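Reader: Hello! I would like a close look at one part of this protein, with its surroundings filled in as you go. Could you walk me through it?

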Amino acid sequence: AENRKFDPSRIVRCQFQGKVIIGSFGGKVTIESSLEVADGCYDSIIIDSVIGSGSLVRSNQIISKTWIGTGAVVIGCGIISCSGETSFANGVSIPVGPETGDRAVSCYVTMNLDVAAFVACNRGDAAALTQFTSA
């Protein structure tokens, strides 16, 4: 991971309310496949949230009660808000390819597309699915 120090010049035209925790900025994030821009918080209202190090938060109306992970990019999303308790989709079952039969995939917060595709395509492999459900 890149060694960053907090750079206050990477927080521009933002309004903070409540308890906001901000990580370190001073690096770059990649948007699309080859566009690199400075990380930081720009032109956003942030309320009771956590903004991870090396992330980019730009041009959002309001971000409230939200956890934005390290290296995440959140641009022009209008209002992002959470109320009440949440599991952040951990354990939520999503039907994949329902037109060809029910292949439900139970999600977890750090699941990527490769893992979801593996689970959806290997429904008959009990050993593989046991590894997945115990992880």
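Reader: What follows is my request and one connected reply. Where does Val57 lie, what stands opposite Val57, and which residues does Val57 touch?

Author: Happy to help! Please keep in mind that this is a predicted model.

Let me begin with the setting. The protein chain has 135 residues, 28% of which count as buried. Its secondary structure comprises two helices and 15 strands. Among contacts between residues at least 6 apart in sequence, 28% join residues at least 24 apart. The chain exposes about 8,500 Å², and carbon and sulfur atoms supply 54% of that area.

Now to your residue. Val57 belongs to strand β9, which is part of an open sheet of four strands in the order β1-β6-β9-β12, with parallel pairing. The edges of this sheet are β1 (11-12) and β12 (73-75); each has a single partner strand, so one side of each is left without a neighbour in the sheet. As general background, strands of a sheet pair through backbone hydrogen bonds, either parallel or antiparallel. Between β9 and β12, the parallel pairing consists of three bridges, and the residue of β12 that stands opposite Val57 is Val74.

Val57 has a relative accessible area of 0%, and because buried means under 20%, Val57 counts as buried. Leaving out residues up to four places away in sequence, Val57 touches Gly40, Cys41, Tyr42, Ser44, Ile46, Ile51, Ile63, Ile68 and Val74. So Val74, the residue opposite Val57, is also among the residues that Val57 touches. There is a C-alpha distance to add as well: Val57 and Gly76 are 19 residues apart in sequence and 8.6 Å apart in space.

Just before this strand comes Ser55, in the loop between β8 (50-51) and β9 (56-58). Ser55 is buried too, with a relative accessible area of 0%. The side chain of Ser55 reaches the backbone oxygen of Gly52 at a distance of 2.6 Å. Beyond four places in sequence, Ser55 touches Phe25, Val29, Asp39, Gly40, Ile68, Gly69, Gly71 and Ala72. Gly40 and Ile68 are listed for Ser55, and they are also among the residues touched by Val57.

One contact of Ser55, Val29, leads on to a hairpin. Strand β4 (residues 28-31) and strand β5 (residues 35-38) are joined by four bridges and run antiparallel. Lys28 stands opposite Ala38 in β5. Three residues lie between the strands of this hairpin, and Glu32 takes a positive phi near 65°.

Further along the chain, Ser64 sits in strand β10 (residues 62-64). The relative accessibility of Ser64 is 11%, and so Ser64 counts as buried under the 20% cut-off. Apart from neighbours within four places in sequence, Ser64 is in contact with Ile47, Ser49, Ile80, Ser81 and Cys82.

For contrast, let me end on the surface. Val92, Ile94 and Val96 form a nonpolar patch there, with about 200 Å² of accessible area together. Val96 is found in strand β14 (residues 93-96) and counts as partly exposed at 32% relative accessibility. Val57, by comparison, is buried at 0%.

Definitions and conventions. Residues are numbered from 1 along each chain as its sequence is written. This is a predicted model: local features need pLDDT of at least 70, side-chain atom pairs count only at pLDDT 80 or more; totals for chains, interfaces and linings use all residues. Side-chain values use heavy atoms; hydrogens and water are left out. Buried means under 20% relative accessible area, exposed over 50%, partly exposed in between (1.4 Å probe, protein chains only). Contact means heavy atoms within 4.5 Å. A polar contact is a pair of N or O atoms within 3.5 Å; within protein, one must be able to donate a hydrogen and the other to accept it, and residues adjacent in sequence count only if both atoms are side-chain atoms. Accessible areas come from the Shrake-Rupley method with a 1.4 Å probe; for residues, only the protein chains shown count as cover. Two strands pair if DSSP finds at least two bridges between them. Patches are made of residues with over 30% relative accessible area and no salt bridge: like charges are joined within 9 Å, nonpolar side chains (Val, Leu, Ile, Met, Phe, Trp, Tyr) within 5 Å. A salt bridge is a side-chain nitrogen of Lys or Arg within 4 Å of a carboxyl oxygen of Asp or Glu.
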